[in-house]
Amino acid sequence: MLSQVYRSGSQPFNQRLLPWVRSTAASRSNRVQPSAVSHVRSWSNIPFITVPLSRTHGKSFAHRSELKHAKRIVVKLGSAVVTRGDECGLALGRLASIVEQVSVLQNQGREMMLVTSGAVAFGKQRLRHEILLSQSVRQALHSGQNQLKEMAIPVLEARACAAAGQSGLMALYEAMFTQYSICAAQILVTNLDFHDEQKRRNLNGTLHELLRMNIVPIVNTNDAVVPPAEPNSDLQGVISVKDNDSLAARLAVEMKTDLLIVLSDVEGLFDSPPGSDDAKLIDIFYPGDQQSVTFGTKSRVGMGGMEAKVKAALWALQGGTSVVIANGTHPKVSGHVITDIVEGKKVGTFFSEVKPAGPTVEQQGEMARSGGRMLATLEPEQRAEIIHHLADLLTDQRDEILSANKKDLEEAQGRLAAPLLKRLSLSTSKLNSLAIGLRQIAASSQDSVGRVLRRTRIAKNLELEQVTVPIGVLLVIFESRPDCLPQVAALAIASGNGLLLKGGKEASHSNRILHLLTQEALSIHGVKEAVQLVNTREEVEDLCRLDKMIDLIIPRGSSQLVRDIQKAAKGVPVMGHSEGICHLYVDSEASVDKVTRLVRDSKCEYPAACNALETLLIHRDLLRTPLFDQIIDMLRVEQVKIHAGPKFASYLTFSPSEVKSLRTEYGDLELCIEVVDSVQEAIDHIHKYGSSHTDVIVTENEKTAEFFLQHVDSACVFWNASTRFSDGYRFGLGAEVGISTSRIHARGPVGLEGLLTTKWLLRGQDHVVSDFSEHGSLKYLHESLPVPQRNTN
């Protein structure tokens with residue numbers, strides 16, 4: 001075993017390390033004491049929090065979400081990750097990114113180790129350069145002519161390349177880690193260092209001492225002297241060091257490592273060779289699943305292939321180390337792949353010994369897809385029958401539902417704010433209203449899927465139809481709203497869509513019983529699997545990445561949830577609104593009797609709703625009038641906290657607290673009041689500070705009202721009506737999956753119609769395009785044909 005610690009600058013080694021040395025031999029036990037004080041380190045103007053970590057080694061992590069607790073981590077860099085595509089030289093940008101991520105984790109208080117390839121590739125580059133230089137000098141002396149283009153490069157022996165490249169590779173790592181004030185040490189090993197007991201103890205002691213001093217060990221097989229790998233030479237219970245995969249696994253188990261990250265040039269483990277038509281990435285791999293995988297050839301460089309990586313990973317897993325195999329070469333993810341894995345994000349293939357009791361979310365997505373397609377083929381009466389049965393179950397099983405909801409409310413006491421507790425609560429009246437809404441959906445679903453929208457005769461015996469069809473698979477993510485589940489499920493059933501539901505954990509008991517009732521209703525026509533409730537520990541961000549399984553994401557919850565989902569969704573459209581900043585403009589010709597009723601209902605009836613009033617705009621002429629005084633008195637009685645807009649504050653000697661932002665959704669008994677000079681100024685204010693959700697004018701002047709209705713560019717615009725009418729149930733849609741402020745596909749309360757798209761059906765008789773050419777025998781007619789009348793019963 002060879003070991004060398006690299007130093008930076010001329011500062012004495014011990015003094016340079018002192019600020020980063022972790023305290024005492026307690027770190028040897030692979031545990032940071034809970035009393036450890038968190039502090040901040042920074043480099044490159046980026047602060048990093050050192051977090052206390054606690055982990056007792058002995059058993060691997062069961063779930064990805066637990067990986068954030070990993071303290072001691074080995075990162076294995078495959079040859080394909082370290083080297084360039086031409087296999088001569090190193091991928092410097094990629095290496096710099098990896099070093100930065102390792103440094104981030106090291107500065108969080110973790111103990112990082114690298115197992116790296118690359119010495120052979122780096123040495124090959126150096127030796128090729130030397131050979132070319134030497135040959136060019138000799139040829140110039142003998143012939144006097146430059147014949148570099150004709151020179152042949154001899155085959156370079158790998159051991160010689162390794163010997164020439166090891167020092168240069170380590171010097172490169174040292175230079176990169178120095179940028180983050182981290183020291184690195186090189187350790188070269190062979191198989192004997194693990195099989196010889198004394199050498200193994202020496203290696204173990206060296207590594208522990210380096211980790212204690214906050215040094216990153218960089219380990220590699222000593223390829224300059226290592227003998228050729230012998231096939232099938234593994235001992236019972238021991239893995240031989242044949243390549244860096246087996247070295248990393250052996251090192252991880254020897255050092256009682258919490259996590260081994262294996263970076264290669266593929267996304268992870270596939271059920272068949274990557275690139276084949278049916279290849280699917282395996283999210284979680286369990287021991288015993290090898291028979292379900294077909295391994296391909298090894299990577300373009302390196303000694304191991306995926307089969308070797310899986311064997312090494314399973315051996316490490318058996319030894320108590322969690323393993324993730326991921327892609328370290330993709331330019332879009334390599335810059336954060338290591339930190340993403342440690343944060344528990346769904347990256348690569350995670351090896352786990354604990355199989356979940358139910359299906360994975362990927363399997364649930366496939367079941368929702370196939371179940372949705374079966375649902376779409378049912379007769380409209382059959383889909384309506386399912387929804388009617390679900391409505392009956394909501395009232396028949398009322399006691400069971402309310403009992404489950406009571407458990408949620410008891411567990412949420414002290415953890416949720418009062419508005420969220422109100423959303424979480426179910427009652428007999430809520431369930432009755434739900435049942436009524438579901439029956440409305442059933443009635444409107446009779447002629448939804450397969451409705452003909454347009455018919456055109458293209459030519460004789462060639463007719464085109466545009467018909468409605470389901471979107472596909474919907475992912476609906478909702479917080480604190482168990483009543484959302486049967487509403488959304490009924491809309492998905494009516495529109496023939498498959499459905500994945502992800503509810504908040506605060507409503508887990510309620511969601512479970514409501515989902516069971518939904519599946520019971522679906523079972524009457526054999527489509528139980530069309531609606532799936534995701535109960536696994538999937539993060540919302542990971543669900544949003546399932547672009548091959550999900551066609552539309554619909555968030556139901558706080559504005560922060562919607563923003564997070566819109567940011568996380570890659571390649572999947574999101575229907576919804578991030579904020580509900582609703583305005584009510586009181587015109588100079590408003591009715592005194594109407595104003596206070598409308599303001600009270602819009603603000604106080606349910607202040608946590610997205611369609612609640614947030615900003616009250618008042619015409620300047622109404623200040624210091626009885627109407628204005630009545631509004632203020634009513635708000636005071638209702639205990640509404642008032643925030644003054646800039647113009648309103650300028651009119652007052654003693655004003656309420658001035659608003660911090662005119663673009664605020666309070667979601668509580670708080671309201672911003674601002675003054676405007678005209679209806680046009682009110683419209684301009686709404687366009688500048690609103691969220692295009694719902695905006696209202698109160699006036700008796702019909703001309704002013706129509707001007708407002710036509711010029712305000714929001715999803716819902718009302719005249720003399722409460723903002724709270726912006727709701728699918730109140731619109732007669734039965735229910736809604738959400739309110740959309742998008743301008744594409746669906747806008748406003750989204751009910752059944754918003755969950756449908758279209759497809760084109762063309763029926764012909766041996767028609768070909770060439771018949772319609774300039775000299776063809778047929779001519780386009782493009783005649784509009786009557787559309788079958790929609791059944792409105």
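The largest nonpolar core in this structure has 50 residues, and those with the most contacts inside it are L375, I386, I387, I401, L499 and L501. Helix α16 (residues 484-495) supplies the largest share of this core, nine residues. The model is a predicted one. The points below cover the cores, the pairing of strand β13, the salt bridges and a threonine in a loop.

**Nonpolar cores**

- I387 is among the residues with the most contacts inside the largest core. Apart from its neighbours within four places in sequence, I387 is in contact with L438, I441, A442, S445, A490, I493 and A494.
- A second core, separate from that one, has 39 residues and includes L77, V81, M112 and I218.
- As background, nonpolar side chains in soluble globular proteins tend to be buried together.

**Strand β13 and its partners**

- Strand β13 spans residues 462-470 and is mostly covered, with eight of its nine residues buried.
- Strand β12 (residues 452-459) runs antiparallel to β13, and six bridges join the two. A459 has L462 in β13 as its bridge partner.
- The hairpin of β12 and β13 has two residues between the strands, and in this hairpin N461 takes a positive phi near 65°.
- β13 also pairs with strand β26 (residues 756-763), in the antiparallel sense and over eight bridges. In this pairing, E463 stands opposite R763 of β26.
- In general, the side chains of a regular strand alternate between the two faces of the sheet.

**Salt bridges**

- The structure holds 34 salt bridges.
- E681 and K647 meet through their side chains in a salt bridge, at 2.9 Å from N to O. E681 belongs to helix α23 (residues 679-689) and K647 to helix α22 (residues 646-650), so the pair ties together parts that are 34 residues apart in sequence. E681 is partly exposed at 24% relative accessibility, and K647 is partly exposed with a relative accessible area of 28%.
- One network, made of salt bridges that share partners, joins R455, R457, E463, E465, R763 and E783. E463 and R763, two members of this network, are also the residues that stand opposite each other between β13 and β26.
- R200 and E197 form a salt bridge through their side chains, with an N to O distance of 3.5 Å. Both residues lie in helix α7 (residues 197-212), three residues apart, which is about one turn of the helix. R200 has a relative accessible area of 25% and is partly exposed; E197, at 40% relative accessibility, also counts as partly exposed.
- R481 forms a salt bridge with D483, and their closest N and O atoms are 3.2 Å apart. D483 has a relative accessible area of 10%, so this acidic partner counts as buried, the cut-off being under 20%.

**T321 in its loop**

- T321 sits in the loop between α9 (306-318) and β10 (322-327).
- The relative accessible area of T321 is 0%, so T321 counts as buried.
- A polar atom of the T321 side chain lies 2.7 Å from the backbone oxygen of T257.

Conventions
Residues are numbered from 1 along each chain as its sequence is written. This is a predicted model: local features need pLDDT of at least 70, side-chain atom pairs count only at pLDDT 80 or more; totals for chains, interfaces and linings use all residues. Side-chain values use heavy atoms; hydrogens and water are left out. Buried means under 20% relative accessible area, exposed over 50%, partly exposed in between (1.4 Å probe, protein chains only). Helices (H or I, at least four residues) and strands (E, at least two) are DSSP runs, numbered from the N terminus. Two strands pair if DSSP finds at least two bridges between them. A nonpolar core is a set of buried Ala, Val, Leu, Ile, Met, Phe, Trp, Tyr and Cys residues joined through side-chain atoms within 4.5 Å. Contact means heavy atoms within 4.5 Å. A salt bridge is a side-chain nitrogen of Lys or Arg within 4 Å of a carboxyl oxygen of Asp or Glu. A polar contact is a pair of N or O atoms within 3.5 Å; within protein, one must be able to donate a hydrogen and the other to accept it, and residues adjacent in sequence count only if both atoms are side-chain atoms.
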